[in-house]
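Biologist: Could you take a close look at one part of this model with me, and then work outwards from there to its surroundings? I am still learning to read structures, so please go step by step.

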Amino acid sequence: MSDVVVLDYGSGNLRSAERALAAAGADVRVTDDLAAAAAADGLVVPGVGAYAACMAGIEALGAGPVIAERVAAGRPVLGICVGMQVLFEHGDEHGVVTKGLGLLPGGVTRLAAARLPHMGWNTVRAPRESVLFAGLTQQSRFYFVHSYAMGDPAALAAAGATVTTAHHDTDFVAAVERGSLSAAQFHPEKSADTGAALLRNWLATLPSGG
């Protein structure tokens, strides 16, 4: 059974993520202990709310270097919602640009959509080589709630990432996989059976194989 830490930096659906990961087969705990975050088989970085507030929480905890060191060492990290967004170079909310962790190229901006937030169930387009979406069909639906996203899938693909997209008036990055780093804009912990399948796929990539 994989040892998974859900990072508690003051933001995120921590308990729902914990329950979903436990149901998927992980030995999971929620903690702000950076030593535990560094040592775990898998690290989950959740996030809800404003980009700037999430980055402030990560910086206050001193978690940025731990996340970066895991990625550099090829140790699995999964970002969820704003926990995905902070992996990019910056976020632009209401004209305020906040520096991100810079582990993925590009920035997060407001969706060019008539209806915001983008809230509810939506399908995604995952490439065949995706590990996260293995065994899931193109009709699989996931639960989204956000107004901002990374809107340049081509830039990520050019950087060697496996990019899954979704559409809400415009295409945006719904998930990304690059090396040991995985991230989802939607909430797998709120996405019923499809979310559970995705979490099991991620757990299967961990050193102990889920």
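Modeller: Let us begin with C81, which counts as buried because its relative accessibility is 3%, and the cut-off for buried is under 20%. Please keep in mind that this is a predicted model. C81 sits in the loop between strand 4 (77–80) and helix 5, and its phi is near 55°, a positive value in a residue other than glycine.

Helix 5 (82–85), at the end of that loop, leads us to the largest pocket, since helix 5 and strand 9 (141–146) each supply at least two residues of the pocket's lining. The space in this pocket is about 180 Å³, and 13 residues line it, of which G49, V82, V145, H146 and S147 are the closest to its centre. Sorted by class, the lining of the largest pocket has 7 nonpolar residues, 5 polar ones and 1 charged one.

The second largest pocket holds about 150 Å³ of space, and among the residues that line it are P76, V131, L132, E177, R178, S182 and W202. Its lining divides into 4 nonpolar, 5 polar and 2 charged residues.

W202, named in that lining, is also a good guide to the interior. The largest nonpolar core has 66 residues, and W202 is one of those that touch the most other members, together with V4, L21, F133 and L156. The largest share of this core, 5 residues, is contributed by strand 12 (residues 171–178). If we set aside the neighbours of W202 within four places in sequence, its contacts include V4 and L21, as well as G42, L43, V44, P76, V77, L78, L132 and S182.

One of those contacts, L21, takes us to helix 1 (residues 14–23), where the buried residues are L14, S16, A17, A20 and L21. These residues lie on the same side of helix 1, because they cover an arc of only 165° around the axis. The buried residues of helix 1 pack against strand 1 (3–7), strand 2 (27–31), strand 3 (42–45) and helix 7 (192–203), whereas the face turned away from this buried side carries the exposed residues R19 and A23. After helix 1 comes G25, with a positive phi near 115°.

Helix 7, one of the partners just listed, contains two further residues that can be read side by side. N201 lies in helix 7 and is buried, because its relative accessible area is 18% and the limit for that class is under 20%. Leaving aside its neighbours within four places in sequence, N201 is in contact with V131, L132, F133 and A134. A192 is also found in helix 7, but this residue is exposed, because its relative accessible area is 53% and exposed means over 50%. Like C81, which has a positive phi without being glycine, A192 has a positive phi in a residue other than glycine, here near 50°.

A last feature of the backbone is the cis peptide bond that joins L116 and P117, with omega at about 0°. P117 belongs to the loop between strand 7 (107–110) and strand 8 (118–123).

To return to the starting point, C81 is a buried residue in the loop that comes between strand 4 and helix 5.

Definitions and conventions. Residues numbered from 1 in each chain as written. Predicted model: local features only at pLDDT ≥ 70, side-chain atom pairs only at ≥ 80, totals over all residues. Heavy atoms only, no water. Core = buried A, V, L, I, M, F, W, Y, C linked by side-chain atoms within 4.5 Å. Buried < 20%, exposed > 50% of the residue type's maximum accessible area, 1.4 Å probe, protein only. Helix = DSSP H or I, 4+ residues; strand = E, 2+ residues; numbered from the N terminus. Contact = heavy atoms within 4.5 Å. 1 Å grid on protein atoms, 1.4 Å probe; cavity = no way out; pocket = protein on both sides within 12 Å on 5 of 7 lines; lining within 4 Å. Points joined across faces, edges and corners; volume = space filled by probe spheres on them. Nonpolar A, V, L, I, M, F, W, Y, C, P; charged D, E, K, R; others polar. Arc of directions from axis to C-beta.
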